[in-house]
Amino acid sequence: MSVLVNLIVMLGMLIVVPLGLRLIGSPHLTRIRHLWPLLAAPGAVALWLPRGTVATALAAVYALGTLALALHAPARLARTRSLVPAEIAVLTALVTPSVAGLALVAERGGHELLGFDLEILALTVPHFHFAGFAAALVAGLVCRAADRPAGRFAALSVPLGTLLVLAGYFVDDWAELAGALVLTAGMWTVALLTWREVREDGQDLTTRCLLTVSAAVLVATMLLALSWALGEATGIAHPTLTWMAATHGLGNALGFALCAVLAWRRLEETAA
């Protein structure tokens, strides 16, 4: 499982986050966008090294980059003074990689941060790149494209669901299940709006295919997330973490996040 998780994390660090930062379209992010490859590369290397001082130091470089990105959230809020749903989603996207960065430092150092075992910390890293950064960003973009109640619901429920899942780590499995329900509702709304309103007949075939895949994959991957959270809370049979990484994790990384950011990048270029 560790090899697959590492590859998924590298996809988030090196491709999805930098592409996503371009989609935010803020000139204030220009410097960190340019520096991001230099910050992400040490973190990617750290994934493959044995736990210890060197791996922790390299992970810390990446964590500092994610913290620098997170600091753009309060600065952006001070500038815009806006908490409309789409803006809340963007602010969430700016902050969530820092959770992944801190988890990576702890896991590479062999430290059970806040009592979480190393396996959970290792899985927290991809979760907050994809369910955190990518999902919130795409929800915000969908909300801007479909600025009506369903779009606003998606832009609010995805960040809220992510926050509730994180809170569930500290409370209990039932709280985590509640977070998974909210997050799934938001992601399925993103999928529905992508399918019905973001996809258009006039778009080129590649863009339409990317949007179609990103929407369709969410149906299956979020069902898996619900089944795992329900099983953890109730004790009924549910997928193992290894199976979740190979299905839910890989599907969200490649099928949803990568396809979505590539599609939105193409839409942005077409509109320019």
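**Core, surface and selected residues of the predicted model**

Thr-124 sits in helix 6, the element that spans residues 118-145. The description here rests on a predicted model, and this threonine is a convenient place to begin. With a relative accessible area of 7%, Thr-124 is buried, because anything under 20% falls in that class. Once neighbours within four places in sequence are set aside, the contacts of Thr-124 are Val-99, Ala-100, Ala-103 and Tyr-169.

Helix 6 also leads into the nonpolar interior. The largest nonpolar core has 74 residues, and Leu-21, Trp-36 and Trp-264 are the ones that touch the most other members. Helix 6 makes the biggest contribution to this core, supplying 16 residues. Leu-21 gives a good view of the packing: beyond neighbours within four places in sequence, Leu-21 is in contact with Leu-29, Arg-33, Trp-36, Leu-69, Leu-94 and Phe-133. Another core, made up of five residues, lies apart from the largest one; Leu-177, Ala-180, Ala-229 and Ala-233 are among its members.

Asn-252 offers a polar counterpart for the reader to look up in the structure. This asparagine belongs to helix 10, which covers residues 241-271. A relative accessibility of 11% places Asn-252 in the buried class, since the cut-off for that class is under 20%. Leaving out neighbours within four places in sequence, Asn-252 is in contact with Phe-130, Leu-218, Thr-221, Met-222 and Ala-257.

Leu-218 and Met-222 appear again around Trp-188. This tryptophan is found in helix 8, residues 173-198, and its relative accessibility of 33% makes it partly exposed. Apart from neighbours within four places in sequence, Trp-188 is in contact with Leu-218, Val-219, Met-222, Leu-223 and Leu-226. With Leu-218 there is also a polar approach: a polar atom of the Trp-188 side chain lies 3.2 Å from the backbone oxygen of Leu-218. In addition, the C-alpha atom of Trp-188 is 8.4 Å from that of Ala-154, although 34 residues separate the two along the chain.

Cys-209 is located in helix 9, which runs over residues 205-234. Its relative accessible area of 39% makes Cys-209 partly exposed. Between Cys-209 and Arg-199, 10 residues apart in sequence, the C-alpha to C-alpha distance is 9.1 Å.

Turning to the surface, a nonpolar patch is formed by Val-3, Leu-7 and Trp-48, which together present about 300 Å² of accessible area. Of these residues, Val-3 can be followed a little further. Val-3 is part of helix 1, residues 2-24, and is classed as partly exposed at 49% relative accessibility, because the exposed class requires over 50%.

Finally, Arg-81 deserves a look for its backbone. Though not a glycine, Arg-81 has a positive phi, of about 50°. This arginine lies in the loop that joins helix 4 (72-80) to helix 5 (85-108). At 76% relative accessibility, Arg-81 counts as exposed, whereas Thr-124, at 7%, is buried.

Technical notes: Residues are numbered from 1 along each chain as its sequence is written. This is a predicted model: local features need pLDDT of at least 70, side-chain atom pairs count only at pLDDT 80 or more; totals for chains, interfaces and linings use all residues. Side-chain values use heavy atoms; hydrogens and water are left out. Patches are made of residues with over 30% relative accessible area and no salt bridge: like charges are joined within 9 Å, nonpolar side chains (Val, Leu, Ile, Met, Phe, Trp, Tyr) within 5 Å. Accessible areas come from the Shrake-Rupley method with a 1.4 Å probe; for residues, only the protein chains shown count as cover. A salt bridge is a side-chain nitrogen of Lys or Arg within 4 Å of a carboxyl oxygen of Asp or Glu. Helices (H or I, at least four residues) and strands (E, at least two) are DSSP runs, numbered from the N terminus. Buried means under 20% relative accessible area, exposed over 50%, partly exposed in between (1.4 Å probe, protein chains only). Contact means heavy atoms within 4.5 Å. A polar contact is a pair of N or O atoms within 3.5 Å; within protein, one must be able to donate a hydrogen and the other to accept it, and residues adjacent in sequence count only if both atoms are side-chain atoms. A nonpolar core is a set of buried Ala, Val, Leu, Ile, Met, Phe, Trp, Tyr and Cys residues joined through side-chain atoms within 4.5 Å.
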